[in-house]
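Me: I should like to go through the reasoning behind the structural labels used for this model. Please set each value against its criterion before concluding.

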Amino acid sequence: MRKSTLEKLCCPFDKANLEATIVAIDFNDNVQEGYLYCHVCNRIFPIVMGIPIMNPDEYREFQYEQPLYERWNKHLKGKSIDQFRLTAGSVRKSLS
Ligand SMILES: [Zn+2]
C-alpha cells in the first residue's frame, strides 16, 4: 500500500486520524509491513503484506497477530498490545 493511501485511512470506530509506523517497504516504496495507531481508542491495526487489517475486534484473532507484534517489538516503543489496543504495559523481557 502506498504511503499516500495510508494517510487517507481513518479509524473505522471513531473516524480519528491514524498514525502510521512503517516497518518494511518494498522496492517501489510501498508499505509492506507496519501498523496504524488510533490516538482516540488506542487500537492498533497491523499492515500485513501491504494490507491494513481493520476488522472489528470480534473478527480479529490475537493469536494470529501476536507473532507480528513480537517481531515488531522495537517499533512498538516499549508498549504492549491488549485487546487490540496499544497499552503502556511493560514488554516481556524475553523479547528485548
Ligand atoms: Zn479509534
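**Reasons behind the labels**

Reply: The model is a predicted one. One residue to begin with is Q83, which lies in the loop between β5 (80-82) and β6 (85-87).

Me: Why is Q83 counted as exposed?

Reply: A residue is exposed if 12 or fewer other C-beta atoms lie within 10 Å of its own. Q83 has 10 such neighbours, so Q83 counts as exposed.

Me: What makes the phi of Q83 worth noting?

Reply: Most residues other than glycine have a negative phi. Q83 is not a glycine, yet its phi is positive, at about 55°.

Me: Why is N42 called partly exposed?

Reply: The label applies between the two limits, 12 or fewer for exposed and 20 or more for buried. N42 has 16 other C-beta atoms within 10 Å, and is therefore partly exposed. N42 is found in the loop between β2 and β3, and although not a glycine it has a positive phi of about 65°.

Me: How do you know that β2 and β3 are paired strands?

Reply: Pairing requires at least two bridges between the strands. Four bridges join β2 to β3, and the two run antiparallel, so the criterion is satisfied. Within this pair, Y35 has P46 of β3 as its bridge partner. The two strands form a hairpin with five residues between them.

Me: What shows that β3 and β4 pair as well?

Reply: β3 and β4 (residues 51-52) are linked antiparallel over two bridges, and since at least two are needed, they therefore pair. V48 has I51 of β4 as its bridge partner. This hairpin has two residues between its strands, and M49 in the turn has a positive phi of about 50°.

Me: Why are β1 and β4 placed at the edges of the sheet?

Reply: The open sheet has four strands in the order β1-β2-β3-β4, with antiparallel pairing. β1 (18-25) and β4 each have a single partner strand, so one side of each lacks a neighbour in the sheet. Seven bridges join β1 to β2, and A24 stands opposite E33 in β2.

Me: Why is β3 described as largely enclosed?

Reply: Burial requires 20 or more other C-beta atoms within 10 Å. Four of the five residues of β3 are buried, so the rest of the structure largely encloses this strand.

Me: Which elements give two or more residues to the largest nonpolar core?

Reply: That core has 11 residues, among them L18, Y35, F45 and I81. The elements in question are β2 (31-38) and β3 (44-48), and β2 gives the most, with five residues.

Notes
Residues numbered from 1 in each chain as written. Predicted model: local features only at pLDDT ≥ 70, side-chain atom pairs only at ≥ 80, totals over all residues. Core = buried A, V, L, I, M, F, W, Y, C linked by C-beta atoms within 7 Å.
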